[in-house]
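Here is a short report on selected parts of one protein model. Look over the sequence and the structure, then read on.

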Amino acid sequence: MAFLVEVLDFLDFSERGDSLLDIMARHLQSMSREMRRLALRGLVQLSKDPSMYKTMRSLTESLADLLWDADEDIVEMTVVLLSFLLLHRDLAIPSPIALQLAGALWPLLDNDNCHVQLLTIRLFQEVMRLVEAKGKKPLKMHVSKSLLPLFFNCHDDNMRVAEASCEALLCALSFLKRRDLERLLMTDQMWRFGECLLAEDRSRVAELLRQALPYLRSPQESLREAAVRFIGMAGRFLREQQREFQLVCRALQDMTYDTSAAISCLALQTLYVNMAVQSIPFSRLQQMRDGFRRLWKLRPTLCRAGWMSCMSSLEN
């Protein structure tokens, strides 16, 4: 198999393309990770020949299964192949395959590999755009779950990822017929998007909170900041749910030790507002005031602005 993949560049696909495709396809589900890698490498080579497109499209379902593979190289090659098969083709995607693809793609919207992440975002948008009419309703659950990852990715430091995410988010909102949220994005009111997303269905706030928590560990300061703000807003909707509200407080308290002084101050401010409105005992508020004093010594300008914003929030 390894030898066959190496000599593909020297073979005439017009004569042997179909038989080569059959060989590669049989090995896609191999128990051997190396064999799956070789099969995908061979298919990537075959995809360079435009004449192979029609026959390779039949592999879409098998490739969708490989998106769950634990091997990062396999996932990357699979995403590349699916991009070749689906992007810019304007061919309807059958409902079962669209559902399978959406379920496997949305967890990859935050993939650490920027190339995989960007292609995944574009593929997810294409699935929403090209799914058959009868497949739109079953797809809504996956599209709804994609809103928060796409929202956070709009804050990505990589401009290509941020722009692709905003475009995909607009497509998702159109798919779900959420004109109110569409207007917020189109009028550059990103700061209101999270609040409206939480307010639309209070039964999902706890779920959205847990979906947001991993972004607090992002290496990107912009994503951590967006997560702190969103989790702070979620806390206002969870005042009657003590377990979830405590989760909000613990998460914000941990972020007061962030390496970024701006995020540390924002987290403390957000925590103070949530606990003050919740009528937390004065002793706890006193501890947070001491925390503000600690940060004030480190970054007085930032904390002065944070404290004034905090007081303004409480007065309102």
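## Faces, a loop and a patch

On the other side of helix α11, Arg183 and Met186 are exposed. That is the side away from the buried residues, Leu181, Glu182, Leu184 and Leu185. Seen down the axis of α11, these buried residues fall within an arc of 160 degrees, so they line one face of the helix. Helix α11 itself covers residues 179-186. Note that the model is predicted.

Leucine 181 sits in helix α11. Its relative accessible area is 0%, so leucine 181 counts as buried. Its C-alpha atom is 7.4 Å from that of cysteine 196. Along the chain, leucine 181 and cysteine 196 are 15 residues apart.

Now to lysine 134. It belongs to the loop between α8 (114-130) and α9. Lysine 134 is exposed, because its relative accessible area of 65% lies above the 50% cut-off. Its C-alpha atom lies 6.9 Å from that of serine 95, and 39 residues separate lysine 134 and serine 95 along the chain.

The two C-alpha pairs are set out here.

| Pair | Separation along the chain | C-alpha distance |
|---|---|---|
| Leucine 181 and cysteine 196 | 15 residues | 7.4 Å |
| Lysine 134 and serine 95 | 39 residues | 6.9 Å |

Helix α9 spans residues 136-153, and lysine 136 is part of it. Is lysine 136 partly exposed or buried? Its relative accessibility is 33%, so lysine 136 counts as partly exposed. Lys136 also helps to form a positive surface patch, together with Lys137, Lys140 and Lys177.

How values were computed: Residues numbered from 1 in each chain as written. Predicted model: local features only at pLDDT ≥ 70, side-chain atom pairs only at ≥ 80, totals over all residues. Heavy atoms only, no water. Patch = residues over 30% accessible without salt bridge, like charges linked within 9 Å, V, L, I, M, F, W, Y side chains within 5 Å. Areas by Shrake-Rupley, 256 points an atom, 1.4 Å probe, with all protein chains shown as cover. Salt bridge = Lys/Arg side-chain N within 4 Å of Asp/Glu carboxyl O. Lys, Arg positive; Asp, Glu negative; His and termini not counted. Charge placed at Lys NZ, Arg CZ, Asp CG, Glu CD. Helix = DSSP H or I, 4+ residues; strand = E, 2+ residues; numbered from the N terminus. Buried < 20%, exposed > 50% of the residue type's maximum accessible area, 1.4 Å probe, protein only. Arc of directions from axis to C-beta.
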